Amino acid sequence: MSEQIIYNNVDISGSVETEEAVHDMYAGCEQADTLTLTFEDEGADWDAWGAVPGDTVVYKNGGTSTGTMYVHSVYPENGFFTVRAASIPQNAKLCHTKSWESVHLLQVGSEVAGRFGFSFRIEGMENFYYDYIAQENEPDIAFLNRIAKLEGGILIVYNNEVILYGEAALEKRETDLEVTTGDGTFSGCDRSGDIFGKAKLSAGSCYGVFTADPSNSRTLDIKGRATSDAEAKRWARGLLRQANKNGRTCRLQKDIMREFSAGITVDLDNQAAPKWSGKMFLYHVRHEYKKERTTLFMRPPLEGY
């Protein structure tokens, strides 16, 4: 498949020879998408071009695109040059302190994402109202991730936009892609014995309990902040989801599957381990374009919450 590389808004595809191109996409992993590109560079062209962290790069391959990625590091070494980039700029990790009163989630998210030049939107969840919420010397992207976890959501960052998705809503979407383990390498891990039946959140005079499975006596005890019992219960639910969602995970590596991306559901026909067949949520997808292979990192949807 043909590839295209746009570096600092200039198409350099005809001027470089790509040795490696790896794109990692994440959904709900508290991790920005990453891109690693390695080029032949016997003539030290990249040094002459002055490639530095902070540059932008877009990689396209066979109809797929990484969107705008921000260079975080560069590595010249023995006739090769490696560029490592992420879907967030470095200034998304700057720490800030601010508190808000009588505010909605969309307003807070838009302000924080706007600090590093990104737009912000919400999908599949309510635009929650907060009597009070605070960012206390936290990196901007980490603060948004913290809110996402409290509310049972996940961040997906793509092409200069931060999207806060309700994770349960994503998992409930209809599946229109299928994948089989045939001709692939499959492995799974079952840690379902570690999951909790309920969560309790204590926040001063506020207290919230959410029960997912009354037959499971394991309780997740959380100390936090909340301004009402209702908010404490909602956040207990969100944090219980975070604690339990990776109870069963698996991975499958096959020949390149460009149509798969993180944040979607697929139907898995697991010929290697039939009990692992069924609907799966893709929380991490790795495309290794030069090696012509894809690795899917999956888990079953978390039912009920």
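Residues are called buried at under 20% relative accessible area, exposed at over 50% and partly exposed in between, as computed with a 1.4 Å probe on protein chains only. The structure is a predicted model, in which local features need pLDDT of at least 70 and side-chain atom pairs count only at pLDDT 80 or more, whereas totals for chains, interfaces and linings use all residues. Residues are numbered from 1 along each chain as its sequence is written, and side-chain values use heavy atoms, with hydrogens and water left out.

By the accessibility criterion, asparagine 159 is partly exposed, its relative accessible area being 38%. Asparagine 159 belongs to the loop between strand 12 and strand 13, helices (H or I, at least four residues) and strands (E, at least two) being DSSP runs numbered from the N terminus. Its phi is positive, near 50°, although asparagine 159 is a residue other than glycine. A positive phi, of about 55°, is also found at alanine 44, which is not a glycine either; alanine 44 lies in the loop between strand 4 (34-40) and helix 1 (45-49) and is partly exposed, with a relative accessible area of 37%.

Strands 12 and 13 take part in an open sheet of three strands, with the order 10-13-12 and mixed pairing, where two strands are taken to pair if DSSP finds at least two bridges between them. Because strand 10 (119-123) and strand 12 (153-157) each have a single partner strand, they stand at the edges, and one side of each is left without a neighbour in the sheet. From one strand to the next the twist averages 20°, with axes fitted as lines to C-alpha atoms, for helices over the stretch in contact, and angles between N-to-C directions running from 0 to 180 degrees. Strand 10 and strand 13 (residues 161-166) run parallel and are joined by five bridges, and serine 119 has glutamate 161 of strand 13 as its bridge partner.

Helix 3 (residues 140-150) packs on this sheet, where it touches strand 10, strand 12 and strand 13, and its direction makes about 145° with that of strand 12; contact here means heavy atoms within 4.5 Å. Eight of the eleven residues of helix 3 are buried, so that the helix is mostly covered; among the buried residues are Asp140, Ile141, Phe143 and Leu144. After helix 3 comes glycine 152, with a positive phi near 70°.

The largest nonpolar core, a set of buried Ala, Val, Leu, Ile, Met, Phe, Trp, Tyr and Cys residues joined through side-chain atoms within 4.5 Å, contains 44 residues, of which Leu105, Val108, Phe116, Tyr130, Leu144, Val162 and Leu201 touch the most other members. The greatest contribution to this core comes from helix 3, with six residues. Phenylalanine 116 touches Pro89, Asn91, Ala92, Asp140, Ile141, Leu144 and Val162, when residues up to four places away in sequence are not counted. Another core, of 27 residues, lies apart from the largest one and includes Trp276, Phe281, Val285 and Leu296.

Alanine 134, in strand 11 (residues 129-139), counts as buried at 12% relative accessibility. With residues up to four places away in sequence not counted, alanine 134 touches Lys98, Ser99, Phe143 and Arg146.

Aromatic rings of Phe, Tyr and Trp (its six-membered ring) are paired if their centres lie within 6.5 Å, and planes under 30 degrees apart count as stacked, over 60 as edge-to-face and the rest as tilted; by this rule there are twelve aromatic pairs. The pair of tyrosine 70 and phenylalanine 118 is tilted, because the ring centres are 6.0 Å apart and the planes stand at 40°. This pair links distant parts of the chain, 48 residues apart, with tyrosine 70 in strand 7 (residues 69-77) and phenylalanine 118 in the loop between helix 2 (105-115) and strand 10. Tyrosine 70 is buried at 15% relative accessibility, and phenylalanine 118 is buried at 5%. Tyrosine 283 and phenylalanine 297 likewise form a tilted pair, with 6.5 Å from centre to centre and 55° between the planes.
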